[in-house]
Amino acid sequence: MPKQQKHILVIRLSAMGDVAMTIPVLRALTQQHPELTITMLTRKAFFPFFRDLASVNLFEADVKGRHKGAYGLFKLAKRLNENRFYAIVDLHNVLRSKVLKKFLKCRRFISIDKGRTEKRLLTSGKIFKPLKTTHQRYADVFNGLGYKIDLSNPTFPEKKVLNEKLINIVGGDISNLIGIAPFAAHNSKMYPLDLMEEVIKKLSEDYKIILFGGGIREKETLREFESSYKNVINLAGKLSMNEELDIISNLDVMLSMDSGNAHIAAMLGVKVITIWGVTHPYAGFAPFNQSEDYALLADRKKYPKIPTSVYGNKFEEGYTQAAGTISPERVIEKIKSII
């Protein structure tokens with residue numbers, strides 16, 4: 001007999017990188033358990049991430065607007081309660097999602113174990129070993145419902161065919177494309193911009209460089225890089241999320257900090273080289289399905305307290321330039337070795 005169709009609500013509201021990390025897990029889940037109906041509750045800005053997951057329904061959480069505060073969450077729950085969910089999977093496990101669950105009629109809840117204790121031991125220097133990846137932590141939540149997920153043999157969407165607008169921006173030749181996303185939420189996670197400029201200058205001699213960023217200062221910096229070197233194209237502020245994803249899917253490699261762009265590229269099956277400052281992949285936030293040697297790490301002999309925090313928001317005095325211990329030559333060599 002066919003398995004009974006069951007409807008599961010999955011919650012992950014933010015941040016960008018964390019939402020992107022759900023994609024490989026949900027792809028594996030829906031492929032390995034086609035009897036499930038999945039509704040994903042997240043912010044509308046992240047809907048494009050799910051565009052290749054046809055069996056995943058999307059439901060908007062407008063947490064800065066009509067769903068703000070307890071009453072807003074009550075209104076959101078009222079709409080969600082129009083569905084009959086078999087279970088609710090909370091991949092966020094924060095106050096907002098906990099309050100929301102109080103208003104939902106479904107009583108079969110399961111939440112992610114974020115491993116906070118182990119992460120505190122890691123960032124305090126009491127242990128230094130790889131912790132469980134965030135992707136596996138996501139998978140384990142579904143395992144707890146009886147839906148085992150195997151992440152060892154992932155599949156990815158095909159590269160997107162670029163439309164005329166995008167071809168005009170990046171040019172007709174889209175072979176040997178290198179994406180570079182030089183920014184992160186905290187300076188302590190960033191590669192020094194003067195060193196990044198050296199990387200861009202050298203690589204642009206032989207490859208086409210596509211720059212990604214978003215903030216006002218970021219756009220100004222990227223415009224300067226674009227105007228200074230040939231074969232450098234700045235996409236900041238020019239495209240929709242869907243259009244950026246189309247281009248990212250065509251990259252041969254993405255160079256990123258420990259940031260959302262790394263996870264976006266990885267969810268599309270792109271090779272990702274990451275630069276790490278005061279954070280460390282041992283905390284479990286390395287991009288999905290990437291070789292360990294694609295992670296370029298700051299010198300822990302010089303900065304022995306790395307990782308100073310999970311997110312890069314806490315660090316010792318003098319640690320903001322930790323990523324600068326990675327030479328531009330090393331970055332360039334790594335990119336050329338895999339492109």
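Lys305 and Glu316 form a salt bridge in which the closest N and O atoms are 3.7 Å apart. In this predicted model, the two partners are eleven residues apart, and the pair links distant parts of the chain, with Lys305 in the loop between S11 and H12 and Glu316 in the loop between S11 and H12 as well. Lys305 is partly exposed, its relative accessible area being 48%. Glu316, at 37% relative accessibility, likewise counts as partly exposed.

Elsewhere, salt bridges that share partners join Glu60, Asp62 and Arg66 into one network. A search of the whole structure finds 14 salt bridges. Among them is the pair of Glu118 and Arg137, whose closest N and O atoms are 4.0 Å apart. Because Glu118 lies in helix H5 (residues 116–123) and Arg137 in helix H6 (residues 134–144), this pair ties together parts that are 19 residues apart in sequence. On the H5 side, Glu118 is partly exposed, with a relative accessible area of 32%. On the H6 side, Arg137 counts as buried at 6% relative accessibility.

Asp293 and Lys334 make a further salt bridge, with 3.5 Å between the closest N and O atoms. Here too the pair links distant parts of the chain, 41 residues apart: Asp293 sits in the loop between strand S10 (272–276) and strand S11 (295–297), while Lys334 belongs to helix H12 (residues 328–338). Asp293 has a relative accessible area of 43% and is therefore partly exposed. Lys334, by contrast, counts as buried because its relative accessibility is 17%, the cut-off for burial being under 20%. As general background to these pairs, side chains of opposite charge can pair when their charged atoms come close.

Attention can now turn to the surroundings of a histidine. His67 is placed in the loop between strand S3 (56–60) and helix H3 (69–80). Its relative accessible area is 4%, so His67 is buried. Leaving aside residues up to four places away in sequence, His67 touches Glu60, Ala61, Asp62, Gly72, Leu73 and Leu76. Two of these contacts, Glu60 and Asp62, also belong to the salt-bridge network with Arg66. With Asp62 there is a polar approach as well: a polar atom of the His67 side chain lies 2.9 Å from the backbone nitrogen of Asp62. Leu73, another contact of His67, can be set against Ile216, since these two are 143 residues apart in sequence and 32 Å apart in space, C-alpha to C-alpha. Ile216 is found in helix H9 (residues 216–228) and is exposed, with a relative accessible area of 67%.

Helix H4 (residues 95–103) has a buried side and an exposed one. Ser97, Leu100 and Lys101 are buried in H4. These residues cover an arc of only 100° around the axis, and so they are on the same side of H4. The general geometry is familiar: an α-helix has 3.6 residues a turn, so residues three or four places apart point the same way. Leu95 and Lys102 are exposed on the other side of H4. The buried residues of H4 pack against H3 and against four strands, namely strand S1 (6–11), strand S2 (36–42), strand S4 (87–90) and strand S5 (109–111). Phe103 also lies in H4, where its relative accessible area of 30% makes Phe103 partly exposed. Together with Tyr71 and Phe74, Phe103 makes a nonpolar surface patch of about 320 Å².

A comparable reading applies to helix H8 (residues 193–203), whose buried residues are Leu195, Met196, Val199, Ile200 and Leu203. Viewed down the axis of H8, these buried residues fall within an arc of 145°, so they line one face of the helix.

One last buried site is found at Ser259, in the loop between strand S9 (253–257) and helix H11 (260–267). The relative accessible area of Ser259 is 12%, and Ser259 is therefore buried. When residues up to four places away in sequence are not counted, Ser259 touches Phe183 and Ala184.

How values were computed:
Residues numbered from 1 in each chain as written. Predicted model: local features only at pLDDT ≥ 70, side-chain atom pairs only at ≥ 80, totals over all residues. Heavy atoms only, no water. Patch = residues over 30% accessible without salt bridge, like charges linked within 9 Å, V, L, I, M, F, W, Y side chains within 5 Å. Areas by Shrake-Rupley, 256 points an atom, 1.4 Å probe, with all protein chains shown as cover. Salt bridge = Lys/Arg side-chain N within 4 Å of Asp/Glu carboxyl O. Helix = DSSP H or I, 4+ residues; strand = E, 2+ residues; numbered from the N terminus. Buried < 20%, exposed > 50% of the residue type's maximum accessible area, 1.4 Å probe, protein only. Polar contact = N/O pair within 3.5 Å; in protein donor to acceptor, adjacent residues only side chain to side chain. Contact = heavy atoms within 4.5 Å. Arc of directions from axis to C-beta.
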